[in-house]
Amino acid sequence: MIWLSRTMPDVPSVEMSSDRNDERSKMSTSVLYMSMSLDGYIAGPNDNPGGDGFMRLHEWYGDFSRPSGAVGALFDEANAYGAILAGRRTVEQVDHWGGDRNGVQIFVPSHRPPGPTVANYPLVTYVTDGIASAMAQAKAAAGDRHVLVHGAYTAQRALEAGVLDEIQIHQIPVLFGNGLTMFTVLPSRVELEIVRVIDTPQATHIRYRVCH
C-alpha cells in the first residue's frame, strides 16, 4: 500500500505497489472515480451535477486544468482511461459528451434502446444484455488501460455483479446534510482494501480495491 501525506515534500509516484498490482497492470481494470462529501453525498437533492451548491465537491481540481504535485499525478492517472462505462442518466445529462471523450469508446448499459442522437455517435454503444456484458466489452476496448466508470447506480450494479475492480474516492472536507448518496442500493456488504491514501488540504484521495 502507498500512503502519501501532505507533509511529504515530494511525491515519488501515485502508482500502487505490489506484485499483485504488477500482474494486474497487464490487464484492464475498472475504476470508479467519485468526489464525495464527508457525510457521503455526491450530488444535490435534485441530482443536478454541480447544482444546489455541490460544485464544492469539485473545487479540489480548480478550473479543470491539470493541477500541480500529487493531485496532478492523480489527474493524469484518471485521464489515462481506454474506455468509459457510464449509466444512461449520466450520459444523457451531457449528451454522451458529444459522442467523443478523448477518442475512446463509451459503453452504456441499458434495457431501453438509445435516443435518436446516438446514431450520430459511432463511439457510443448501448449494451442491452446486462452490466457484466457491458463491462466485458469496455475492458476489451480499453486493452491495457483502465475503464473509467461513471454513475452511482451503474457503479452499484457493477459492484453487485462483481465487475467493479477499484474505487477512487476524493473525500471533500464538507458536510452537506442532504442530497444524493453514493451507495444506497447495495444488496449486501462489500469489503474493500485500502491501497493508497493521498492527503491534501483540499481533499483526501483514497483508492480502494474491491475484494471479490
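**Figure 1. Overview of the predicted chain.** In this predicted model, 46% of the 212 residues in the chain are buried. The secondary structure consists of five helices and eleven strands. Of the contacts in the chain with a separation of 6 or more, 67% are between residues 24 or more positions apart. The chain has an accessible surface of about 10700 Å², and carbon and sulfur atoms contribute 53% of that surface.

**Figure 2. Helix α2 and the strands against which it packs.** Helix α2 spans residues 69-78, and its buried residues are Ala 70, Val 71, Gly 72, Leu 74, Glu 77 and Ala 78. Four strands receive the buried residues of α2: β2 (30-37), β8 (166-172), β10 (192-199) and β11 (204-210). An α-helix has 3.6 residues a turn, so residues three or four places apart point the same way. Within α2, Ala 70 and Leu 74 are both among the buried residues.

**Figure 3. Surroundings of Lys 139 in helix α4.** Lys 139 belongs to helix α4, which covers residues 131-142. The relative accessible area of Lys 139 is 24%, and this residue is therefore classed as partly exposed, since the buried class requires a value under 20%. The side chain of Lys 139 makes a polar contact of 2.7 Å with the side chain of Asp 165. Beyond its neighbours within four places in sequence, Lys 139 contacts Ser 28, Thr 29, Ser 30, Val 147, Val 163 and Asp 165. A separation of 9.3 Å is found between the C-alpha atoms of Lys 139 and Leu 85, which are 54 residues apart along the chain.

**Figure 4. Ser 28 in the loop between α1 and β2.** Ser 28 lies in the loop that runs between α1 (19-24) and β2. With a relative accessible area of 8%, Ser 28 falls under the 20% limit and is therefore buried. A polar atom of the Ser 28 side chain is 2.8 Å from the backbone oxygen of Arg 145. When residues up to four places away in sequence are not counted, Ser 28 touches Lys 139, Ala 142, Gly 143, Arg 145, His 146, Val 147 and Asp 165. Asp 165 is thus a contact of Ser 28 and also of Lys 139.

**Figure 5. The largest nonpolar core and a separate core.** The largest nonpolar core has 29 residues, of which Leu 32, Ile 167 and Met 182 touch the most other members. Two or more residues of this core come from each of β2, β3 (41-43), β4 (83-86), α4, β7 (147-150), α5 (152-161), β8 and β11. The greatest contribution to this core is that of α4, with five residues. Leaving out residues up to four places away in sequence, Leu 32 touches Val 149, Ala 155, Leu 164, Glu 166, Ile 167, Gln 168 and Met 182. Another core, of 15 residues, lies apart from the largest one and includes Val 31, Val 91, Val 104 and Tyr 121.

**Figure 6. The largest pocket and its lining.** The largest pocket contains about 1600 Å³ of space. Its lining comprises 48 residues, and those closest to the pocket centre are Tyr 33, Met 34, Thr 90, His 150 and Gly 151. At least two lining residues are supplied by each of β2, β3, α2, α3 (88-93), β7, α5 and β9 (180-181). Helix α5 provides the largest share of the lining, with five residues. Helix α5 is also among the elements that give two or more residues to the largest nonpolar core.

Note on methods
Residues numbered from 1 in each chain as written. Predicted model: local features only at pLDDT ≥ 70, side-chain atom pairs only at ≥ 80, totals over all residues. Heavy atoms only, no water. Buried < 20%, exposed > 50% of the residue type's maximum accessible area, 1.4 Å probe, protein only. Contact = heavy atoms within 4.5 Å. Areas by Shrake-Rupley, 256 points an atom, 1.4 Å probe, with all protein chains shown as cover. Polar contact = N/O pair within 3.5 Å; in protein donor to acceptor, adjacent residues only side chain to side chain. Core = buried A, V, L, I, M, F, W, Y, C linked by side-chain atoms within 4.5 Å. 1 Å grid on protein atoms, 1.4 Å probe; cavity = no way out; pocket = protein on both sides within 12 Å on 5 of 7 lines; lining within 4 Å. Points joined across faces, edges and corners; volume = space filled by probe spheres on them.
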